[in-house]
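Got your viewer open? Let's take a walk through this one, stop by stop, and see what turns up when you click.

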Amino acid sequence: MGDTTLGSGNGGPDPEQVQTLPEFALALNQLRGARSYKDLNRAAAASGGLPGSTVSNLLNGKSVPGPDTVATFLTACGLSIEEQRPWRAAWERVSTSHLRAPMGAVRVRLARPRVLGVHGSIRVAGAVGELPPYVPRDVDAELRTAVTAAAVTGGLVLLVGGSSVGKTRTLWEAVSAVLAEWWLLHPADAPALVAAAARPIPRTVVWLDELQRYLNHPDGLPVGVLRSLVNANTVVVATLWPDEYSSRAAPRTPGRPDPHANDRELLGLARTVTVPEKLSPEELNRATRLAADPRIRIALNTPDAGFTQVLAAGPALVSHWENAPADQCYGKAVITAALDARRVGAPAPVTRDFLTDAAPAYLTPGQQATAPADWLDRALAYATRPLHGAASALAPVPAGMGRVAGYLTADYLHQHARGARRTTALPDQVWQALVDHHHPDDAGRLAGSAEGRGRSIYAEVLYRELAASVPYALDALVGLMKRDGRGQEAVNEIRSLVERGVEHATWKLVDVLAEQGDIEAAVNIARGRVASGEPRVIWRLTRVINVLDADEAISLIRPIADAGDVYAGLVLVRLLNQQGRTEEIEAHLRRHADGGSEEHSRELVQLLGRQGRAAELRERSEAGDRNASYRLIRLLHEQGQVDELRQHADAGDESAAGLLAELLAAQGGKDELRKRSDAGDLDATYWLGRLLEQRGRSDEAITVLRGQAEATEWRSVGVTMLLARILARQGRVEEAMTILRPHAANPDAHPNDQGAARLLADLLVSQGQVDELRQRADAGDEPAEFRLGGLLAALGREDELRQRADSGDEMASYRLVERLVDDGRADEAHTMLHEPTRAGDHSASRDLVNLIAARGVTAEDVAALRDVIEFEHLNISAAVLLSDFLLKQRDVDGLRDLTGITPPGTADHRLLDLLVMEGRIGELESEVHAGTYGAASRLRQVRRQEAAD
């Protein structure tokens, strides 16, 4: 690089060579050419101009300019938005050159996508480059917008999609396009991410491909870690499979352990974008334009598999497994064993020892007897063979140089096998191998999977392994034992953990003893914990309290409440109140309120108010208790104490003034209301107007109200709206609308003004004033926009509704969808909402589902509802609606198809109901093998009923 020129080879400056501030200033000088400072200022007039001092600082490199200044300068030099892109990247490098790089980070533009998780592509003769050209996706705009927004304030951007659908490549292209000059950090695991969050660096992208790998760490990924990164203006990007997202984000099931509470909160921080399984017609058209690349051409010409899956060698993997040659039966068995292990909850790499013990379960006796001595080595050679140079069925995971820790199954093959082997029972030999050789991180998942599949013997072993460290595992272990009639054995198991000092076992013992009726033993243990001063102990006592009589419960809780535990105090008050012990309640509340407890003070004030004790409320109010002041005013109103209310109102208490005016109106105090109204009391004006209209003196009410309605401050809106309503009831609608318009001009200024805007919109609708409604809606008036949609629908103006819906008018969209659904055109409605749904506009889908529900589901709605569910895996309303309809239709296959894409407790429960209803017990057993939620429990119920019959 020369000292005075930054050339691009075509005579102009090359911003890609710029690394420092002086080089940036030099390049800008070259770009400016012969333009004078005045020329630049004139060219930038539309953006506010470029003063000479600003241009001088910019071209002399005295300090790093702001991004807006650079953009204005570039525009003044005649550069388009696209031409400005490399200049903005140069500014990014210059402005961040002083920032220290995070340990192990590289610039985004220098990172290798394959290292970040982008699947390798099939190898084809004539192909150039490690990856084929990127086919732009429909979600690109939304994704890049999300990344851009996160770059401003920090944020988590999550891309949800199945294996080999292109989500990682799509995310990489978005980050490269938006944040090319930022640092990129790719933590190896959850601890590395926690360490990075302890010292976050600005302008860093944290890359978390396959987020479940971080969430599945033994200690999980605390939501606080993500918050720390986001709060430090870090951009966190991640990918996740749909079922992983669905299971972790699903609402908690009452009465069951909640292992995903942290993950649910963490996912709630994310801006989520979904990548569909298949390319849309528009995306396929874009791919066709790139078909000069032979890899893309082959993917386009393989119609029986997805485009992105072909590129990642997915179909070849399936064929390699399912159609293994006869002499490769051992390789097929090894692959199947690994796939089954992952299918039932063991995503960690499977070990050689596991495969040695498990693979024989998939071989015939003859194949076992004739196996060569090196059968496992041959099998692993087949299983790890790369296909098309892109992927293998099993990938070795290193444990150091020349050593293998285990083997991971290919994602696409796993997803295929999970469906193909869904109802295939796992052999006992494989379950035992998993118990003997599982990774500790997988113990909880395997235990739950074994329990759900009715394999209690293995679930119990795994739960026992975890019981000392994981409370929910102890809960599950005890539940298994009690279900098998081994209640005393469960107590002994818990006692052994208590003796070992396991804290959560103590409270589990209290619960179980109370449940078994051994109240004395349960209470004695609980009293010991109370005496020890254990924090938050009241939360642990629920089951004990429920089985004690009131006096015993009060005796147990009182020491905790007396120590200042607010929740315990509220429980104590409830129990005392049930016995009518009001004096004790008051004494307890007073003691803690006087000690400074805000919660007890509020409860005491409410008690005094219920008892009508105005004198004490007055005393506490005068001492500065604001809760008492407000409750006193309410009590004076309830008691009709006009004189004292008047004193408070005259002293400037606005709430007292409003209640006084209401009370005077109720008592017919017209004269005083008029006097207070004349003095400028808006509350008095309002109630006087109401009183006069009620007495048939509407003209007089209008005169009184009009004097105050002419004010435009927000407090006068109530008076204005009452005046408008009276005028409208008299048929003077135009006059009513005239007085409303000043307040409705800025409906976002105050909630009262929003009310005026709503009333004006209602009146415009009553008069059929489409033009003014449209004008106000286009100006951003939400009430007008809301009413306009309804009016256009009522007038049958579908074309205008569609036009407004296409331009982003949500109410027009809703009304159009409503009209289409009413006409039995739900598929058309969903087609219209298809793009917004994919872009994350969940309100559009919610409206569609609600409208179908209100009308009643028909066969024509099935496709639309299923599409909603596929795009929004947690749309419980759609899942319940469609599942109920399929249950009524006795559609077993339809329900079975839904079980993989709907939250637990929806399609799966209805499928089980239907199988039992139709006596299809063999299929119910298959659902147990598939791990369908609740299937094992339902099968036990059926067997018990059969035995009873």
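Which helix is the place of Glu-584? Select residues 582–594 and you have the answer: that stretch is helix H32, and Glu-584 is in it. One thing to keep in mind as you click around: this is a predicted model.

**Stop 1: around Glu-584**

Show the side chain of Glu-584 and look at its surroundings. Glu-584 has a relative accessible area of 28%, so it counts as partly exposed. Now add Arg-558 and Leu-576 to your selection, since Glu-584 touches both of them, leaving out residues up to four places away in sequence. Next, pick the C-alpha atoms of Glu-584 and Leu-572 and check the distance: they are separated by 9.9 Å, with their positions 12 residues apart along the chain.

**Stop 2: a pair of helices**

Select residues 614–622, helix H34, and residues 626–639, helix H35. How do you describe a pair like this? Two packed helices are described by the angle between their axes and the distance between the axes. Here the angle is about 150° and the axes are 8 Å apart. Angles over 145 degrees count as roughly antiparallel, so that is the label for H34 and H35. Turn the view and you can look for the left-handed crossing of H34 with H35.

Now colour the residues that make the contact. On the H34 side, pick Ala-614, Leu-617, Arg-618, Arg-620 and Ser-621. On the H35 side, pick Ala-628, Ser-629, Arg-631, Leu-632, Leu-635 and Gln-639. Sorted by character, the residues of this contact are 5 nonpolar, 3 polar and 3 charged.

**Stop 3: Thr-336**

Is Thr-336 buried or exposed? Its relative accessibility is 6%, so Thr-336 is buried; the cut-off for that word is under 20%. You'll find Thr-336 in helix H17, residues 329–343. Show Trp-321, Tyr-362 and Arg-421 as well: Thr-336 is in contact with these three, once its neighbours within four places in sequence are set aside.

**Stop 4: an open sheet**

Time for some strands. In what order do the 6 strands of the open sheet come? Follow them as E1-E3-E4-E5-E2-E6, and note that the pairing is mixed. At the edges are E1 (106–107) and E6 (270–274); each has a single partner strand, so one side of each has no neighbour in the sheet. Zoom in on E1 and its pairing with E3 (residues 183–185), which is antiparallel and has 2 bridges. Click Arg-107, and opposite it in E3 you'll see Trp-183.

**Stop 5: a hairpin**

Jump to strand E7 (residues 394–398) and strand E8 (residues 404–409), which run antiparallel and are joined by 5 bridges. Select Pro-398, then its bridge partner in E8, Val-404. This hairpin has 5 residues between the strands, and Gly-400 takes a positive phi there, near 125°.

**Stop 6: two loop residues**

Positive phi turns up in residues other than glycine too. Asn-233 has a phi near 65° and sits in the loop between helix H10 (223–231) and strand E5 (235–240). With a relative accessible area of 34%, Asn-233 is partly exposed.

Finish at Arg-890, where phi is near 55°. Arg-890 lies in the loop between helix H51 (876–888) and helix H52 (892–898), and at 44% relative accessibility it is partly exposed.

Conventions:
Residues numbered from 1 in each chain as written. Predicted model: local features only at pLDDT ≥ 70, side-chain atom pairs only at ≥ 80, totals over all residues. Heavy atoms only, no water. Helix = DSSP H or I, 4+ residues; strand = E, 2+ residues; numbered from the N terminus. Buried < 20%, exposed > 50% of the residue type's maximum accessible area, 1.4 Å probe, protein only. Axes fitted to C-alpha atoms, helices over the stretch in contact; angles between N-to-C directions. Parallel < 35°, antiparallel > 145°, perpendicular 65-115°, else oblique. Left-handed = near helix turned anticlockwise from the far one by under 90°. Contact = heavy atoms within 4.5 Å. Nonpolar A, V, L, I, M, F, W, Y, C, P; charged D, E, K, R; others polar. Pairing = 2+ DSSP bridges.
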